[in-house]
Amino acid sequence: MRVLLALVLLGGLTACRSFKTVDLAPEWRPLERVAQAGDKLLKPGQTTCLGTTLCVADLDDWSRLYPEGSIKRRALLLHERVHSQRQIEAGLAPWLARYVADADFRWREERLGWEQEIATLTRAGVQVPVEVFAKILSDEYVHFGARMVSATDARAWILEVISLARKTP
């Protein structure tokens, strides 16, 4: 079941490789590009990593949300680079299958990425939207009815990451 699910995901998401793309600077390796997947695969504003490619619904909208050189783009790319590295290490299909099927694994993986993003924003003096991020973590990462974290637990974790980021350079 997991292998079949991963193959379905790969088939759907690899479509993002054939649309409009923007190459990323070498500093973001193993990430190589951001690719437009269309709003049938992703929600507006959503970014997902597939190996070396970031897939977004609309590349122009993504570029407006995360302008070149902005701390928001840097924070997001740090987040997604974590996923890219881990997907490559584990193998993309096995990683995707486990990510979709196992809410605990998904939460561990997302904490690694979100920690980078939240800490980067905090250290840059950006007000982290705690409630917005908690809602995203609790509501947007539900697969097969399995929520990876509650809003309450997500909020507590986000506040902990912010506190630690303020204490370290």
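Which element gives the largest share of the lining of the largest pocket? In this predicted model, that share, seven residues, comes from helix H3. The report below sets out the overall fold, the sheet, the empty spaces and one residue of H3.

## Overall fold

The protein has 169 residues, of which 43% are buried. Its secondary structure consists of seven helices and six strands. Along the sequence these elements follow the pattern α-β-β-β-β-α-α-α-α-α-β-β-α. Of the contacts between residues at least 6 apart in sequence, 55% join residues at least 24 apart.

## The sheet

Four strands form an open sheet in the order S1-S2-S4-S3, and their pairing is mixed. Strand S1 (21-23) and S3 are the edge strands, each pairing on one side only. From one strand to the next, the twist averages 25°. Within this sheet, strand S2 (residues 33-36) pairs with strand S4 (residues 53-56) in the parallel sense, over four bridges. Arg33 stands opposite Thr53 of S4. Helix H3 packs on the sheet, where it touches S3 and S4, and the direction of H3 makes about 30° with that of S3.

## Pockets and cavity

Rolling a probe the size of a water molecule over the atoms shows where empty space is left. The table lists the spaces described in this section.

| Space | Volume | Nonpolar lining residues | Polar lining residues | Charged lining residues |
|---|---|---|---|---|
| Largest pocket | about 1100 Å³ | 24 | nine | seven |
| Second largest pocket | about 150 Å³ | four | two | five |
| Largest cavity | about 30 Å³ | four | two | two |

The largest pocket is lined by 40 residues, and those nearest its centre are Gln46, Thr47, Thr48, Glu140 and Tyr141. Several elements give two or more residues to this lining: helix H1 (2-13), strand S3 (47-50), H3, helix H4 (92-101), helix H5 (103-123), helix H6 (130-139) and strand S5 (142-143).

Helix H3 also gives the most to the lining of the second largest pocket, with three residues. The residues that line the second largest pocket are Asp23, Leu24, Ala25, Glu27, Trp28, Glu68, Gly69, Ser70, Arg73, Arg74 and Leu77.

The structure holds one cavity of 30 Å³ or more. Lining the largest cavity are Gly45, Gln46, Val56, Ala57, Asp58, Asp61, Trp62 and Leu65. Helix H2 (residues 59-65) supplies the largest share of that lining, three residues. Gln46 thus appears in two places: among the residues nearest the centre of the largest pocket, and in the lining of the largest cavity.

## A residue of helix H3

His83 belongs to helix H3, which spans residues 71-90. Is His83 buried or exposed? His83 counts as buried because its relative accessibility is 4%, and the cut-off for a buried residue is under 20%. Leaving aside residues up to four places away in sequence, His83 touches Cys49, Trp95, Glu109, Glu110 and Gly113.

## Helix H3 in summary

Helix H3 recurs in each of these descriptions except that of the cavity lining. It packs on the sheet through contacts with S3 and S4. H3 provides seven residues to the lining of the largest pocket and three to that of the second largest pocket. His83, with its 4% relative accessibility, is a buried residue of the same helix.

How values were computed
Residues numbered from 1 in each chain as written. Predicted model: local features only at pLDDT ≥ 70, side-chain atom pairs only at ≥ 80, totals over all residues. Heavy atoms only, no water. Buried < 20%, exposed > 50% of the residue type's maximum accessible area, 1.4 Å probe, protein only. Contact = heavy atoms within 4.5 Å. 1 Å grid on protein atoms, 1.4 Å probe; cavity = no way out; pocket = protein on both sides within 12 Å on 5 of 7 lines; lining within 4 Å. Points joined across faces, edges and corners; volume = space filled by probe spheres on them. Nonpolar A, V, L, I, M, F, W, Y, C, P; charged D, E, K, R; others polar. Pairing = 2+ DSSP bridges. Axes fitted to C-alpha atoms, helices over the stretch in contact; angles between N-to-C directions.
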